[in-house]
Amino acid sequence: MENSPSSSRTDRKTAERNRRNQMKALYSQLNSLVPHQNSREPVLSLPDQLNEAASYIKRLQTNLEKMKEKKDSLMGVERTNYASMASCNGTATGLRPPQIEVREMGSTLEVVLITGLDSQFMFNETIRVLHEEGAEIINASFSVVEDTVFHTIHSKVEDSAPQ
């Protein structure tokens with residue numbers, strides 16, 4: 001086959017046109033993902049659309065960080081003050097990731113929650129979830145060993161299967 005300069009130029013033009021069309025479609029898709037204040041505002045230029053998308057992504061990242069901080073605060077993870085209160089052997093008191101074990105025994109559940117001294121929220125949240133799932137709390141107890149709290153919750157679960 002002959003490779004004429006005109007067919008090579010045509011191939012390059014076609015490839016460039018396809019690239020531009022693909023970029024235009026991608027810009028359009030990106031622009032459609034960015035919420036717009038007013039649908040009556042004039043169509044933005046491509047650089048303005050890209051700036052708006054970049055600003056939107058930065059706002060989302062900032063909001064995500066704020067939400068993570070709020071979640072950590074609510075979950076009791078933010079414990080910088082506790083870290084400064086070290087016991088005499090050099091370990092921080094109460095800093096322990098929670099552990100949960102659930103054992104099903106027929107129509108009863110035994111939930112064992114192991115936390116640090118500062119995680120009362122986890123116990124309350126566990127009780128709330130059990131109630132939401134329709135479990136009736138029969139017994140709940142706890143014991144403290146050094147800086148660890150062992151919560152034991154016994155609950156009865158109604159059989160929801162149709163008979």
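This text walks through a predicted model, from a pair of strands to a helix and two loops.

A good place to start is strand β1, which covers residues 99–105. Its partner is strand β2, residues 108–116, and the two run antiparallel to each other, joined over 7 bridges. Together β1 and β2 make a hairpin, with 2 residues between them. Glycine 106 sits in that turn and has a positive phi of about 70°. Across the pair, isoleucine 100 stands opposite leucine 113 of β2.

The charged side chains of this region come next. Arginine 103 takes part in a salt bridge with glutamate 101, where N and O are 2.8 Å apart. Arginine 103 also forms a salt bridge with glutamate 110, and here the closest N and O atoms are 2.6 Å apart. How buried or exposed are these three residues? Glutamate 101 has a relative accessible area of 36%, so it counts as partly exposed. Arginine 103 is also partly exposed, because its relative accessibility is 37%. Glutamate 110 has a relative accessibility of 16%; this value is under the 20% limit, so glutamate 110 counts as buried.

The next element to look at is helix α4, residues 120–132. Threonine 126 lies in this helix. Its relative accessible area is 11%, and therefore threonine 126 is buried. What is threonine 126 in contact with, leaving aside its neighbours within four places in sequence? The residues are Ile100, Val111, Leu113 and Ile153. Two of these names have already appeared, since isoleucine 100 and leucine 113 are the residues that stand opposite each other in the strand pair.

Helix α4 also holds a salt bridge of its own. Arginine 128 and glutamate 125 are both in the helix, 3 residues apart, which is about one turn. The closest N and O atoms of this salt bridge are 2.3 Å apart. Arginine 128 is partly exposed, because its relative accessible area is 36%. Glutamate 125, at 26% relative accessibility, is likewise partly exposed. Elsewhere in the chain, Glu16, Arg19 and Arg20 are joined into one network by salt bridges that share partners. The count for the model comes to 6 salt bridges.

After helix α4 the chain passes through a loop to strand β3, and glycine 134 lies in that loop. At 44% relative accessibility, glycine 134 is partly exposed. Which distance separates the C-alpha atoms of glycine 134 and valine 157? The separation is 6.8 Å, although the two residues are 23 residues apart along the chain.

Strand β3 spans 135–145 and strand β4 spans 148–157, with a loop between them. Glutamate 146 is found in this loop. What is the sign of phi at glutamate 146? The value is positive, near 50°, in a residue other than glycine. Glutamate 146 has a relative accessibility of 73%; that is over the 50% limit, so glutamate 146 counts as exposed. The turn of the β1 and β2 hairpin also has a residue with a positive phi, but there the residue is glycine 106.

Definitions and conventions
Residues are numbered from 1 along each chain as its sequence is written. This is a predicted model: local features need pLDDT of at least 70, side-chain atom pairs count only at pLDDT 80 or more; totals for chains, interfaces and linings use all residues. Side-chain values use heavy atoms; hydrogens and water are left out. Two strands pair if DSSP finds at least two bridges between them. Helices (H or I, at least four residues) and strands (E, at least two) are DSSP runs, numbered from the N terminus. Buried means under 20% relative accessible area, exposed over 50%, partly exposed in between (1.4 Å probe, protein chains only). A salt bridge is a side-chain nitrogen of Lys or Arg within 4 Å of a carboxyl oxygen of Asp or Glu. Contact means heavy atoms within 4.5 Å.
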